[in-house]
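Trainee: I'm new to this one. Could you walk me through it, a question at a time?

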Amino acid sequence: MGCVAHILNLVVQDGIKKVDKPVEIIRWTVKWIRQSPSSIGKFTKFAKLVNSGTTKHLVRDIPTRWNSTYRMLNIAQAYEKTFERYDLEEYEFHSDIEKAGLSIPSPSDWQHVRISGTLYVTSNTCIEYIYSIRTLLDDVISDASLCDIALAMRVKFDK
């Protein structure tokens with residue numbers, strides 16, 4: 001299972017690279033805000049002012065967990081207007097993001113991580129990779145020395 005999960009993580013991370021700049025911007029802003037209780041408190045205050053409608057806490061992604069980037073983006077996109085307000089009101093944040101050569105996520109950035117109202121999780125771009133993994137497993141099953149391992153992996157892969 002670990003091997004298949006690792007391969008799936010690599011496939012998804014490769015797909016995420018296609019929207020790398022918007023993800024980088026959102027990742028940077030979430031990291032900056034989560035760096036201190038004071039920043040989190042101010043962000044929460046602005047979220048209440050702009051009525052974002054969500055009470056979820058911003059989360060950072062973990063490169064070795066493919067679904068963590070999705071989680072980060074899913075929560076962050078609910079705070080789109082809050083990020084705008086935070087940038088206007090917090091000089092240090094605004095200054096630091098400019099020093100990093102970035103800006104707050106633009107409407108275009110948010111569009112790049114959404115498709116038809118749902119988050120871009122790269123399933124539409126990685127289906128070929130997933131199919132090739134399945135084909136490789138099927139090929140390895142015919143090898144007597146690896147058959148048992150490949151069969152166990154394919155069962156988990158099919159789930």
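Mentor: Sure, one term up front: buried means under 20% relative accessible area, exposed means over 50%, and partly exposed is in between (1.4 Å probe, protein chains only). This is a predicted model, where local features need pLDDT of at least 70, side-chain atom pairs count only at pLDDT 80 or more, and totals for chains, interfaces and linings use all residues. Residues are numbered from 1 along each chain as its sequence is written, and side-chain values use heavy atoms, leaving out hydrogens and water.

Trainee: Is K42 buried, exposed or partly exposed?

Mentor: Look at the relative accessibility of K42, which is 33%. That falls between the 20% and 50% cut-offs. So K42 counts as partly exposed.

Trainee: How far apart are the closest N and O atoms of E90 and K42?

Mentor: A salt bridge needs a side-chain nitrogen of Lys or Arg within 4 Å of a carboxyl oxygen of Asp or Glu. E90 and K42 form one, with their closest N and O atoms 3.4 Å apart.  E90 sits in the loop between α5 (80–89) and α6 (91–99) and K42 in helix α3, so the pair ties together parts 48 residues apart in sequence. The distance you asked for is 3.4 Å.

Trainee: Which residue meets R27 in a salt bridge?

Mentor: R27 is partly exposed, at 30% relative accessible area. Its partner counts as buried, at 11% relative accessibility. The side chains meet at 2.6 Å, N to O, and that partner is D61.

Trainee: How many salt bridges does a search of the whole structure find?

Mentor: Among them are R27 with D61 and E84 with K81, at 3.9 Å. The search of the whole structure finds five.

Terms used:
Helix = DSSP H or I, 4+ residues; strand = E, 2+ residues; numbered from the N terminus.
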